[in-house]
Structures are given as C-alpha cells and as structure tokens.
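Here are my notes on the model you sent, set out as numbered points. They take up the charged pairs, the nonpolar packing and the strands in turn.

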Amino acid sequence: MALLEVENLEVYYGVINALKGISFKVNEGEIVTLIGANGAGKTTTMQSVVGLLSSKSGNITFDGHDISKLPCDKIVKLGMTQVPEGRHIFQELTVYENLLLGGFLLKDQKIIKEDINMIYERFPRLYERKNQIGGTLSGGEQQMLAIGRALMSKPKLLMLDEPSMGLSPLLVDEVFDIIKTINNEGTTILLVEQNAGKSLAISDRAYVLENGRITLSGTGKELMSSEEVKKAYLGG
C-alpha cells in the first residue's frame with residue numbers, strides 16, 4: 001500500500017518551472033531513492049512533499065490524507081519527518097537539547113526520556129557527547145544527531161536529503177548501514193542521494209530525476225544495471 005503518493009506535481013520558483021508534473025509513490029516499508037544531478041529537482045521535491053514549498057498543481061497523499069496544502073507542522077504530526085541537506089542541527093545547543101527539540105510533539109516526559117535513551121543506544125557517540133555543543137561535532141556526528149533528532153518524532157516516513165554529503169568513505173558506509181537498520185526496524189524511507197551506487201544498493205525502488213522530470217524508474221537493482229544510469233551516475 002502506498003504510504004506516500006505524489007501525482008502530477010508542479011512547482012515554480014518565480015517563472016522557473018522546477019518540477020514539471022512528476023509522479024511517484026513510496027509504499028509502506030520500502031526504501032525509495034530519488035537520484036539525479038545537481039539542479040534536477042530532488043531537494044525541491046522533498047521540500048514540496050514536507051510542506052516547505054507550495055506547489056502550483058498536483059496532489060500529495062500521505063497515509064490516506066491529502067497533504068497538498070497542509071503546513072509543515074501539520075504534516076510532521078501525521079508522521080513525516082525530514083533530515084534536510086546540510087543537516088541543520090542547532091549549532092549553539094547541546095546534543096541533548098537538539099534531541100529534545102526533535103521530540104517537541106511529545107508531551108509525556110517519561111516517553112521523551114525513553115526515546116532519547118533509545119537514540120543514545122542507536123548512536124553511542126551521541127551519548128558520549130550528550131553535553132557537547134552541536135556545532136563542535138564532526139560532520140559524521142552531526143549527521144547522526146540530525147537523524148536521531150528526526151527519529152524522536154517516531155515518523156512513519158523518514159526523508160533524508162543527501163545524508164552522505166561531505167562525509168569520509170568510512171562514515172558514508174556507516175550512514176547507509178544506519179539507514180538500512182532504521183528501515184528494517186519498520187520505518188519507511190525516502191532518500192535523495194548523489195551517491196547513486198550506495199543508495200541504489202539499499203533501495204527497493206528508485207526514480208531518476210532530470211530537469212524536473214522523472215525519466216526512469218524501477219527497482220534498485222534494475223537501475224543499477226541500466227546502461228543509462230551507469231553512464232550518468234555510476235561512472236560506467
């Protein structure tokens with residue numbers, strides 16, 4: 001069953017048509033990846049889905065709700081959370097304070113404490129640095145904090161925008177292992193990534209975005225074996 005369905009989405013920046021009627025879906029339990037070059041429309045898609053950008057036309061349905069015109073905070077309450085490109089943690093706050101803000105929808109202090117402890121178990125380095133200012137963390141630690149903060153709201157759908165950007169190859173492997181683990185534990189994933197090889201390898205399905213249009217779709221394995229994808233995105 002489709003947890004997220006996007007139909008004929010059009011988005012403009014002024015007179016520039018950034019998304020030209022794209023349609024795609026994310027089924028419950030899947031990892032779905034959007035790949036494409038810089039400027040293809042990947043981040044615009046993510047921001048439109050989560051309510052940070054307004055669309056000119058098209059429909060977005062999430063968990064049976066029409067969210068096309070809903071504000072971002074209402075969409076988060078329905079169970080969708082985004083880890084934005086560049087992480088955007090609160091640089092002046094501690095690791096613990098960042099996680100607290102991720103659970104702003106939760107009212108029960110006992111549940112908040114349990115959830116923070118769960119994040120610490122998943123990311124032991126965050127526990128070690130719980131009183132450290134976020135802006136002093138390494139790039140990999142900041143990405144873990146951004147993911148942990150997003151998980152505090154217990155999302156049904158976790159959207160990640162370029163989670164491997166700027167990380168060393170070793171940390172890239174670690175981040176993709178974390179994404180796979182989160183999915184295995186029941187969270188649906190929508191992933192935007194320039195590292196096409198890594199993202200397609202863990203994806204159930206994927207879409208290729210070019211100049212605001214979806215030009216290819218298929219399973220992760222199908223796109224990895226596509227000559228067009230190999231040539232454009234996999235160095236083949």
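1. In these notes, a residue is called buried when its relative accessible area is under 20%, exposed when that value is over 50%, and partly exposed in between. The model is a predicted one, and the remarks that follow should be read with that in mind. By the cut-off just given, Asp-115 is buried, because its relative accessible area is 5%. Lys-154, in contrast, has a relative accessible area of 48% and is partly exposed.

2. Asp-115 and Lys-154 are worth examining together, since their side chains form a salt bridge in which the closest N and O atoms are 2.9 Å apart. This pair connects distant parts of the chain, with Asp-115 in helix H4 (residues 109-122) and Lys-154 in the loop between helix H6 (139-151) and strand S7 (157-161), the two residues being 39 apart. In general terms, side chains of opposite charge can pair when their charged atoms come close. The model contains 9 salt bridges, counted over the structure.

3. Which residue meets the side chain of Glu-185 in a salt bridge? The partner is Arg-122, with an N to O distance of 2.6 Å. Glu-185 belongs to the loop between helix H7 (169-184) and strand S8 (188-192), whereas Arg-122 is in helix H4, so this salt bridge ties together parts that are 63 residues apart in sequence. As for accessibility, Glu-185 counts as exposed at 54%, while Arg-122, with a relative accessible area of 25%, is partly exposed.

4. A further salt bridge is formed by Glu-174 and Arg-125, whose closest N and O atoms are 2.4 Å apart. Because Glu-174 lies in helix H7 and Arg-125 in helix H5 (residues 124-128), the pair ties together parts of the chain that are 49 residues apart in sequence. Both partners are partly exposed, Glu-174 with a relative accessible area of 28% and Arg-125 at 27% relative accessibility. Glu-128, Arg-129 and Glu-141 are joined into one network by salt bridges that share partners.

5. Turning to the nonpolar packing, the largest nonpolar core has 32 residues, of which Leu-99, Leu-126, Leu-158, Leu-160, Ile-179 and Ile-189 touch the most other members. At least two residues of this core come from each of helix H3 (95-102), H4, H6, S7, H7 and S8, and H7 supplies the largest share, 7 residues. In soluble globular proteins, nonpolar side chains tend to be buried together.

6. Which residues does Ile-179 touch, if those up to four places away in sequence are not counted? They are Ile-31, Leu-160, Pro-163, Ile-189, Leu-191 and Ile-202. A second core, separate from the largest one, has 26 residues and includes Val-11, Ile-22, Phe-24 and Leu-34.

7. Strand S8 deserves a point of its own, being mostly covered, with 5 of its 5 residues buried. Thr-188, Leu-190 and Val-192 point one way from S8, whereas Ile-189 and Leu-191 point the other way, and all of these residues are buried. S8 pairs in the parallel sense with strand S3 (residues 31-35) over 4 bridges, and with S7, again in the parallel sense, over 5 bridges. Within these pairings, Leu-191 in S8 stands opposite Thr-33 and also opposite Leu-160.

8. Elsewhere in the model, an open sheet of 4 strands runs in the order S2-S1-S4-S5, with antiparallel pairing. Its edge strands are strand S2 (16-27) and strand S5 (65-66), each of which pairs on one side only. Strands S1 and S4 (residues 57-62) pair over 5 bridges in the antiparallel sense, and the bridge partner of Leu-4 in S4 is Phe-62.

9. The last point concerns nonpolar residues at the surface, where Tyr-13, Val-15 and Ile-16 form a patch with about 340 Å² of accessible area together. Tyr-13 is found in strand S1 (residues 2-13), and at 37% relative accessibility Tyr-13 counts as partly exposed.

Terms used
Residues numbered from 1 in each chain as written. Predicted model: local features only at pLDDT ≥ 70, side-chain atom pairs only at ≥ 80, totals over all residues. Heavy atoms only, no water. Salt bridge = Lys/Arg side-chain N within 4 Å of Asp/Glu carboxyl O. Buried < 20%, exposed > 50% of the residue type's maximum accessible area, 1.4 Å probe, protein only. Core = buried A, V, L, I, M, F, W, Y, C linked by side-chain atoms within 4.5 Å. Contact = heavy atoms within 4.5 Å. Patch = residues over 30% accessible without salt bridge, like charges linked within 9 Å, V, L, I, M, F, W, Y side chains within 5 Å. Areas by Shrake-Rupley, 256 points an atom, 1.4 Å probe, with all protein chains shown as cover. Pairing = 2+ DSSP bridges.
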